[in-house]
Amino acid sequence: MLKDHAKLMHAIAVSEEIVGRKKLQKMIYIAKNIAFPFQERFQFHFYGPYSEELTLRVEELCNMGFLNEVKEKKGGYYQYRYTLTETGKEFLGINEVEMPSLQDCLLDMNGQNARFLELVSTVLYFNDLPKEEVKEKVFTLKSKQRYTDEEVEQAYQYIESLREKAGLHCGQAPI
């Protein structure tokens with residue numbers, strides 16, 4: 001049980017700080033789908049792939065004092081910041097998680113905006129379909145986001161760059 005909690009804690013630790021619940025969801029989904037052994041199940045939701053399991057795990061980690069969640073008012077909405085607490089860092093020191101290359105991938109993702117990560121995760125969600133069908137899904141399901149053909153192409157290129165960072169090449173199975 002705590003093994004999956006430790007993986008999530010490790011992801012937040014190597015990211016240093018993740019700002020936004022949506023961003024956290026997308027980063028874990030993308031990491032899981034490019035190479036990393038996250039166990040949470042995802043379903044397609046309003047903002048792309050979403051995991052209730054991940055939401056509950058984050059809540060549990062906050063309740064256990066391992067994760068710090070700061071709620072900030074930003075204009076008309078609230079934004080959440082996630083960092084590891086000192087207790088969380090101590091726990092991770094005892095329960096080491098081995099995921100080489102995760103830090104490079106997550107730091108890169110953390111530098112992207114949530115809108116782009118939503119696109120990338122949506123492309124990955126429909127990755128078993130031909131590219132033209134994926135584009136059609138993106139333009140239909142994400143019509144309010146007004147993604148362009150160029151952005152979808154950038155998402156495919158970004159996925160490939162993350163796979164390279166993770167030590168994978170196009171079409172290869174995870175390590």
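Over the ring of which residue does the charged end of arginine 21 sit? In this predicted model, the ring belongs to tyrosine 80, and the charged end of arginine 21 is 3.5 Å from its centre. A second arrangement of this kind involves lysine 131, whose charged end sits over the ring of tyrosine 156, 4.5 Å from the ring centre. With these two contacts in view, it helps to step back to the whole chain before returning to individual side chains.

The chain contains 8 helices and 5 strands. Read from the N terminus, these elements follow the order α-β-α-β-β-α-β-β-α-α-α-α-α. The radius of gyration is 16 Å, close to the 16 Å that the globule rule gives for 175 residues, so the chain is as compact as a globular protein of that length. The C-alpha trace spans about 45 × 40 × 25 Å along its principal axes. Of the 175 residues, 45% count as buried. Contacts across the sequence can be described as well: among those between residues at least 6 apart, 66% join residues at least 24 apart.

Aromatic side chains provide a good example of such links. A search of the whole structure finds 7 aromatic pairs. One of them is formed by phenylalanine 44 and tyrosine 125, whose rings are tilted, with 5.2 Å from centre to centre and 50° between the planes. This pair links distant parts of the chain, since phenylalanine 44 belongs to strand 2 (residues 43-45) and tyrosine 125 to helix 6 (residues 114-125), 81 residues apart. Both partners have some access to the surface: phenylalanine 44 is partly exposed, with a relative accessible area of 26%, and tyrosine 125 also counts as partly exposed, at 29% relative accessibility.

Phenylalanine 44 also pairs with phenylalanine 126, and here too the rings are tilted, with centres 5.4 Å apart and 50° between the planes. Because phenylalanine 44 lies in strand 2 and phenylalanine 126 in the loop between helix 6 and helix 7 (131-141), this pair ties together parts that are 82 residues apart in sequence. Phenylalanine 126 counts as buried, at 12% relative accessibility. These three residues belong to one aromatic cluster, formed by Tyr29, Phe42, Phe44, Tyr125 and Phe126.

Two lysines of helix 2 complete the picture. Lysine 23 lies in helix 2 (residues 21-34). Despite being buried, lysine 23 has no salt bridge. Which side chain of opposite charge is nearest to lysine 23? That side chain is glutamate 17, 9.2 Å away, whereas a salt bridge requires a side-chain nitrogen within 4 Å of a carboxyl oxygen. Neighbours within four places in sequence aside, the residues in contact with lysine 23 are Ile18, Met109, Asn110, Gln112 and Leu117.

Lysine 22 lies in helix 2 as well. Its relative accessible area is 27%, so lysine 22 is partly exposed. When residues up to four places away in sequence are not counted, lysine 22 touches Tyr47, Ala114, Glu118 and Gln145. Among these, Ala114 and Glu118 fall within the range of helix 6 (residues 114-125). Lysine 22 and arginine 81 are separated by 59 residues in sequence and by 11 Å in space, taken from C-alpha to C-alpha.

Conventions. Residues are numbered from 1 along each chain as its sequence is written. This is a predicted model: local features need pLDDT of at least 70, side-chain atom pairs count only at pLDDT 80 or more; totals for chains, interfaces and linings use all residues. Side-chain values use heavy atoms; hydrogens and water are left out. Rings of Phe, Tyr and Trp (its six-membered ring) pair if their centres lie within 6.5 Å; planes under 30 degrees apart count as stacked, over 60 as edge-to-face and the rest as tilted. Helices (H or I, at least four residues) and strands (E, at least two) are DSSP runs, numbered from the N terminus. Buried means under 20% relative accessible area, exposed over 50%, partly exposed in between (1.4 Å probe, protein chains only). A charge sits over a ring if NZ of Lys or CZ of Arg is within 6 Å of the ring centre and within 35 degrees of the ring normal. Lys and Arg count as positive and Asp and Glu as negative; His and the chain ends are not counted. Contact means heavy atoms within 4.5 Å. The radius of gyration is taken over C-alpha atoms; the globule rule is 2.2 Å times the number of residues to the power 0.38.
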